[in-house]
Amino acid sequence: MDTFKAHLNKFITITDQEYDSVFSFFQVLEVKKKQTLMLNGEICRFMYFVAEGCLRKFFINEKGAEQTTEFAIENWWITDTFAYERQILSDFSIQAVERSTILVIDLRQQELLLQKHPVMERYFRMIYQRAYAASERRIRYLYEMSREELYLHFSTLYPWFIQRIPQYLIASFLNLTPEYLSEIRAKLRS
């Protein structure tokens, strides 16, 4: 898993020997497209690192529709942080959008990892800070931007998502109907 090692090296410095030890705390999983990793109502036991592919986190809204709240592509983490940290039932589901290779760690293993490799505390702190900052920006965009501006901003900032992710999932993430997203895209093309 050279991908994970390269990712870690962007934030911390570890030797090859340390990396082998760090890596031993994780389980590698190959998941199929649309495979569910966690269901709403289950205890959130794991954090997932995407080595290859794409995962999404979603909930079922009051209308019974799936509402995507987060995507994770290569080098991104995904979990229900609130439920994971407390080891409680999750209000979310996590599913593979594409065939994916992921690294999985549970809270107990993560705590053992942090004890054995304190430098990983710094790594996870930096990851959480970036994720929190991204969440803050997304909330602001949801308040300030029109739906059309939101799509334009998203497609400019993350053009690879537009290519990789089915439009109905992008619509769900932006809180749009697939039909309205099609209208926006048609309007932008003309």
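## A walk through a two-domain model

Let's start at Ser 21, which sits in helix α2, covering residues 16-23. Helices here are DSSP runs of H or I at least four residues long, strands are runs of E at least two long, and both are numbered from the N terminus. What you're looking at is a predicted model, where local features need pLDDT of at least 70 and side-chain atom pairs count only at pLDDT 80 or more, while totals for chains, interfaces and linings use all residues. Residues are numbered from 1 along each chain as its sequence is written, and side-chain values use heavy atoms, with hydrogens and water left out.

Is Ser 21 buried or exposed? Ser 21 counts as buried because its relative accessibility is 14%. The cut-offs are simple: buried is under 20% relative accessible area, exposed is over 50%, and partly exposed is in between, using a 1.4 Å probe and protein chains only. Now look at what Ser 21 touches. Setting aside neighbours within four places in sequence, Ser 21 is in contact with Lys 116 and His 117, where contact means heavy atoms within 4.5 Å. With His 117 there's also a side-chain to side-chain polar contact of 2.7 Å. A polar contact is a pair of N or O atoms within 3.5 Å; within protein, one must be able to donate a hydrogen and the other to accept it, and residues adjacent in sequence count only if both atoms are side-chain atoms.

Another helix to visit is α1, residues 2-9, which holds His 7. His 7 is buried because its relative accessibility is 5%. Not counting residues up to four places away in sequence, His 7 touches Phe 49, Asn 75, Trp 77, Tyr 123 and Ile 127.

Time to zoom out. The chain is assigned two domains, domain 1 (1-144) and domain 2 (146-189), with bounds that come from an automatic or database domain assignment. The C-alpha centres of domain 1 and domain 2 lie 24 Å apart. The contact takes 19 residues from domain 1 and 17 from domain 2.

Next, the pockets. On a 1 Å grid over the protein atoms alone, a pocket is an open set of points with protein on both sides within 12 Å along at least five of seven lines, and its lining residues have an atom within 4 Å of a point. The largest pocket holds about 1,500 Å³ of space. Grid points are joined across faces, edges and corners, and a volume is the space filled by probe spheres set on the points.

Which residues lie nearest the centre of the largest pocket? They are Glu 70, Phe 71, Ala 131, Ala 134 and Ser 135, out of 41 that line the pocket. The elements giving two or more residues to this lining are β4 (55-60), β5 (66-72), β6 (77-78), α5 (119-144), α6 (147-157) and α8 (167-173). Helix α5 gives the most, with 13 residues. Sorted by class, the lining of the largest pocket has 23 nonpolar, 11 polar and 7 charged residues. Here Ala, Val, Leu, Ile, Met, Phe, Trp, Tyr, Cys and Pro count as nonpolar, Asp, Glu, Lys and Arg as charged, and the others, Gly among them, as polar. Domain 1 and domain 2 each give at least three residues to the lining of the largest pocket.

The second largest pocket has about 310 Å³ of space. Its lining has 15 residues, and Asn 61, Ala 65, Glu 66, Gln 67 and Leu 176 are the closest to its centre. Here α8 gives the most, with 4 residues. This lining, too, draws at least three residues from each of domain 1 and domain 2.

Since α8 has come up, let's stop at Ala 171, which lies in that helix. Ala 171 is buried because its relative accessible area is 0%. Leaving out residues up to four places away in sequence, Ala 171 touches Leu 176, Thr 177, Pro 178 and Leu 181. Between Ala 171 and Tyr 151 there are 8.7 Å in space, C-alpha to C-alpha, and the two are 20 residues apart in sequence.

We'll finish in the loops. Asn 175 is in the loop between α8 and α9 (178-189), and its phi is near 60 degrees, a positive value in a residue other than glycine. Asn 175 counts as partly exposed because its relative accessibility is 44%. Lys 34, in the loop between β1 (27-31) and β2 (36-38), has a positive phi of about 70 degrees although it is not a glycine. Lys 34 is exposed, with a relative accessible area of 52%.

Notes:
1 Å grid on protein atoms, 1.4 Å probe; cavity = no way out; pocket = protein on both sides within 12 Å on 5 of 7 lines; lining within 4 Å.
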